[in-house]
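Biologist: Please give me a close look at one part of this model, the ligand surroundings. Then take me through the backbone and helix details that go with the picture.

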Amino acid sequence: MSKRQLAMVMDLNKCIGCQTCTVACKTQWTNRNGREYMYWNNVETYPGTGYPKNWMELGGGFDAAGDLQAGVVPNIEADYGVPWDYNHDELQFGEQLKPNVDPTWGPNWDEDEGTGNFPSDNYFFYIPRICNHCTNPGCLSACPRDAIFKRDQDGVVLVDLDRCQGYRYCIAGCPYKKIYFNPKISKSEKCILCFPRVEKGLPPACAQQCVGRIRFVGFLDDEEGQVYKLVHKYKVALPLRSDYGTQPNVYYVPPTEAPPKFDAEGRVIEGSNRVPIEELEKLFGKEVHQAMKTLREEKEKRKKTGESELMDILIAYQHSEMFRLDQDYYQSIAKKQGLSLAPIDNRYMQGKNTENKYKFKVVEYE
Amino acid sequence: MNKLTTALLASSLVASAAFAEDAVLAQKTDRDVTQLTPTSKAWEYVKATTIHLYPQTTVTMNDKKANAVNKDAKAKEARVKAIYDNKNIAFLLEWPDGTKSVQKGYRSDVYGDGFAVQLPVNYKDPKKLPYIGMGSDGRPVVIHLQKAVEAVYEPNGNGNVGDQQVVLNKNMFGDEVKAYEAKVAKLAVRDYQRSFISEGFRSMTEIKDGSEKFSADMSYGNKAWKGTVVRPLKDAYLSLKGGFPVAFAAWDGAKMNRDGLKLLSTWIPVKLVGQSGGEKLVSELSAPVKGDAENGKNLVMQNGCMGCHYIPGMSEPGYMAPGLANIGGYSTAAYLRESMVDPNAVVVPGYNRNAHPNTPWYNEVDGKRQSTMPPYPLDDKSLDDMVAYLKTLKAEVK
Ligand code: SF4
Ligand code: SF4
């Protein structure tokens with residue numbers, strides 16, 4: 001476990017599935033050099049196949065006894081989708097618009113499909129997913145090379161590209177399939193929680209760019225922070241599939257605000273909710289009942305009295321309050337290490353922890 | 001235990017009790033061995049030694065599909081040759097592989113064939129050689145690895161992948177970008193050929209400062225791979241004289257082999273023909289195992305080894321302790337004996353460090369691994385018999 005843990009909360013009631021976060025991350029980190037197919041951040045439709053395809057069935061994580069479970073390494077073509085591009089430049093010369101590869105699958109292939117019958121009870125909602133920077137990461141546990149590490153300073157889980165030899169057991173070990181194989185460099189890569197930004201006081205790109213302002217970022221031990229309040233004080237933000245045993249550090253406010261169902265005549269069924277509670281329970285555990293109760297009660301309270309700290313937080317007035325990155329903390333670490341500027345950790349970039357790890361004296365034979 | 005396995009075990013006891021790997025005789029030459037490739041004519045004049053490569057089953061990997069295809073993996077017979085000159089030694093490993101697998105293209109789940117040569121830094125005491133699986137604490141090994149990976153993109157040509165180009169405006173700088181990319185590709189695309197220093201699973205560290213000069217090559221034909229490794233007899237890591245041990249590993253990409261999923265030999269003695277020294281090591285490593293395997297089996301049962309270890313026919317594979325299904329194939333008799341008398345001498349680190357917290361096979365005390373296995377200081381005869389039995393635990397040769 002790390003000394004402190006940086007965490008993210010995402011309010012699913014406000015996610016509109018616009019993929020701005022996806023694009024923010026992609027343009028920042030993954031549009032090049034073998035990462036093209038990777039989505040460190042993706043927004044998937046639930047229910048749906050997700051990304052990679054049926055990731056919840058691909059194994060990894062831990063059982064109740066704490067034993068790592070075997071998992072599967074997905075295939076780019078069938079499970080992630082080969083990225084394709086269009087010949088936009090050629091359209092002006094009279095060419096037909098066509099993709100450069102024959103698309104057979106891709107992330108969000110089934111976007112907005114959902115389930116149920118239109119218009120009576122169909123439904124879906126969006127789940128944005130990034131690496132959970134787990135407290136007990138399946139990826140780290142699976143690595144036979146000690147190439148994955150969890151930063152002591154803030155719990156960010158990173159791949160040391162110098163130690164990584166591209167064996168891909170981490171991908172099998174992560175139950176969220178949020179670590180990917182880069183075929184060009186033959187190594188694994190994943191969301192880095194934008195640590196180079198965070199260390200300089202900037203929020204992760206996906207959170208900064210989010211138009212719905214659904215993302216809160218801060219330290220879990222910062223009791224003044226909104227992340228702490230949502231997770232620990234009000235307990236309305238819950239980890240996704242905590243039954244996988246990795247103790248994820250991305251939390252979700254469950255979707256409470258779904259429209260009611262319609263009856264055969266197209267009339268509203270009062271008090272009904274299109275999102276089945278069993279589905280929410282599967283994703284967020286039994287705690288989801290209490291979380292939804294709290295959310296509704298606070299909403300009522302706000303309606304009646306005009307006051308509710310929880311509702312104020314969820315309205316997300318100020319970025320400065322949503323993102324509490326404790327820059328002084330990073331600065332003080334940097335200072336202690338004699339660095340005038342972040343980053344405080346250069347292992348990710350240079351594999352510094354592997355250098356001079358072993359110093360040998362050759363054994364002489366006479 | 002079902003009848004079939006009992007019968008198989010009983011018959012293998014007889015067949016393999018006397019079995020040990022022969023020494024590789026490295027021939028001396030005046031020519032420069034650094035010129036040797038897998039297909040060089042010179043190899044035809046050197047006698048081959050047959051060795052065996054066993055499935056590594058000490059620790060269970062966590063890839064579901066790979067575990068399924070390797071479930072009943074068999075051992076393979078391979079051939080080794082060696083030639084040395086004044087400065088360098090060249091090894092040739094020839095091993096059967098029905099499918100040529102190369103890791104290439106924009107794919108996440110293909111794996112290349114490959115092979116490795118392992119050499120101990122210290123081999124003075126044949127009874128205290130490094131653990132066969134990538135060395136052990138205080139007993140380092142040097143590993144030379146060659147994999148059939150088409151190209152690895154490392155933009156500064158120096159194994160540093162952190163340093164990557166960003167191409168943002170293709171329209172405006174199209175030609176310059178193309179030229180730049182070509183330049184980077186030329187610099188960056190390199191062979192997957194690496195040397196490591198290692199003191200046990202998880203500690204293997206690439207030697208990237210150029211202090212280990214070796215070359216390797218692989219060539220496929222007639223449903224078999226031939227691989228060569230040429231390295232100095234003496235450098236900053238190793239001094240190879242007289243007689244010394246070597247071990248080989250092979251990966252089958254078609255069976256999703258990589259890292260621990262591989263075939264592995266035991267320590268094979270090498271004799272530099274024409275040089276004195278190392279006779280004791282060579283004779284000890286190639287000596288047949290003494291002891292009564294049948295009695296050893298009873299002792300293993302009486303002492304309850306299968307309570308923690310996986311022993312085919314006696315227990316199921318699990319997490320509690322290193323699996324012994326192929327221990328007889330890749331371990332030396334001396335190692336097996338040492339492990340029973342002093343389990344702390346070599347503690348095999350589990351692959352999945354945090355994976356089985358309730359049944360750890362070692363605890364870390366002051367940064368040193370302490371085995372949870374108690375010592376078994378039995379009498380010499382009992383130990384010999386148990387070692388003789390453990391040496392029979394190995395997959396059949398296909
Ligand atoms: S979500 Fe997956 S990749 Fe991220 S820390 Fe957890 S196990 Fe590792
Ligand atoms: S935190 Fe940064 S790296 Fe991670 S998904 Fe968001 S934008 Fe991408």
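Modeller: Ligand 1 takes up the space of the second largest cavity. Keep in mind that the model is predicted. Which residues surround ligand 1? Begin with the cysteines: Cys131(A), Cys134(A), Cys139(A) and Cys174(A) are in the shell. Asn132(A) and His133(A) are part of the surroundings too. So are Pro137(A) and Gly138(A). Val157(A), Tyr176(A), Ile179(A) and Lys190(A) complete the list. By class, eight residues of this shell are nonpolar, three are polar and one is charged. Lys190(A) counts as the charged one, because Lys is classed as charged.

Now ligand 2. Its surroundings include four cysteines by name: Cys25(A), Cys191(A), Cys194(A) and Cys206(A). Two tryptophans, Trp29(A) and Trp40(A), are also listed. Asn41(A) is there, as are Ile130(A), Ile192(A) and Leu193(A). Pro204(A) and Ala205(A) finish the shell. How does the shell around ligand 2 divide by class? Eleven residues are nonpolar, one is polar and none is charged. The polar one is Asn41(A), because Asn is not among the nonpolar or charged types. Two helices of chain A, H1 (20-30) and H7 (205-209), each supply at least two residues of this shell.

Next, the chain A backbone. The loop between strand E2 (42-46) and helix H2 (76-80) holds Pro47(A). A cis peptide bond links Tyr46(A) to Pro47(A), with omega at about 0°. Pro52(A) lies in the loop between E2 and H2 of chain A as well. The bond from Tyr51(A) to Pro52(A) is cis, and its omega is near -10°. Further along, look at Asp146(A). This residue sits in the loop between helix H4 (138-142) and strand E4 (148-150) of chain A. Its phi is near 55°, a positive value in a residue other than glycine.

Last, a helix pair in chain B. Two packed helices are described by the angle and the distance between their axes. For helix H7 (residues 333-341) and helix H8 (residues 380-390) of chain B, the axes come within 9 Å. They cross at roughly 125°. H7(B) and H8(B) are therefore oblique to each other. The crossing of H7(B) past H8(B) is right-handed.

How values were computed: Residues are numbered from 1 along each chain as its sequence is written. Chains are lettered from A and ligands numbered from 1 in the order in which they are written. This is a predicted model: local features need pLDDT of at least 70, side-chain atom pairs count only at pLDDT 80 or more; totals for chains, interfaces and linings use all residues. Side-chain values use heavy atoms; hydrogens and water are left out. A residue is near a molecule or strand if one of its heavy atoms lies within 4 Å of it. On a 1 Å grid over the protein atoms alone, a cavity is a set of points where a 1.4 Å probe fits but cannot get out, and a pocket is an open set with protein on both sides within 12 Å along at least five of seven lines; lining residues have an atom within 4 Å of a point. A molecule sits in a cavity or pocket if more than half of its atoms lie within 2 Å of its grid points. Helices (H or I, at least four residues) and strands (E, at least two) are DSSP runs, numbered from the N terminus. Axes are lines fitted to C-alpha atoms, for helices over the stretch in contact, and angles run from 0 to 180 degrees between N-to-C directions. Angles under 35 degrees count as roughly parallel, over 145 as roughly antiparallel, 65 to 115 as roughly perpendicular and the rest as oblique. A crossing is left-handed if the near helix is turned anticlockwise from the far one by less than a right angle, and right-handed if clockwise.
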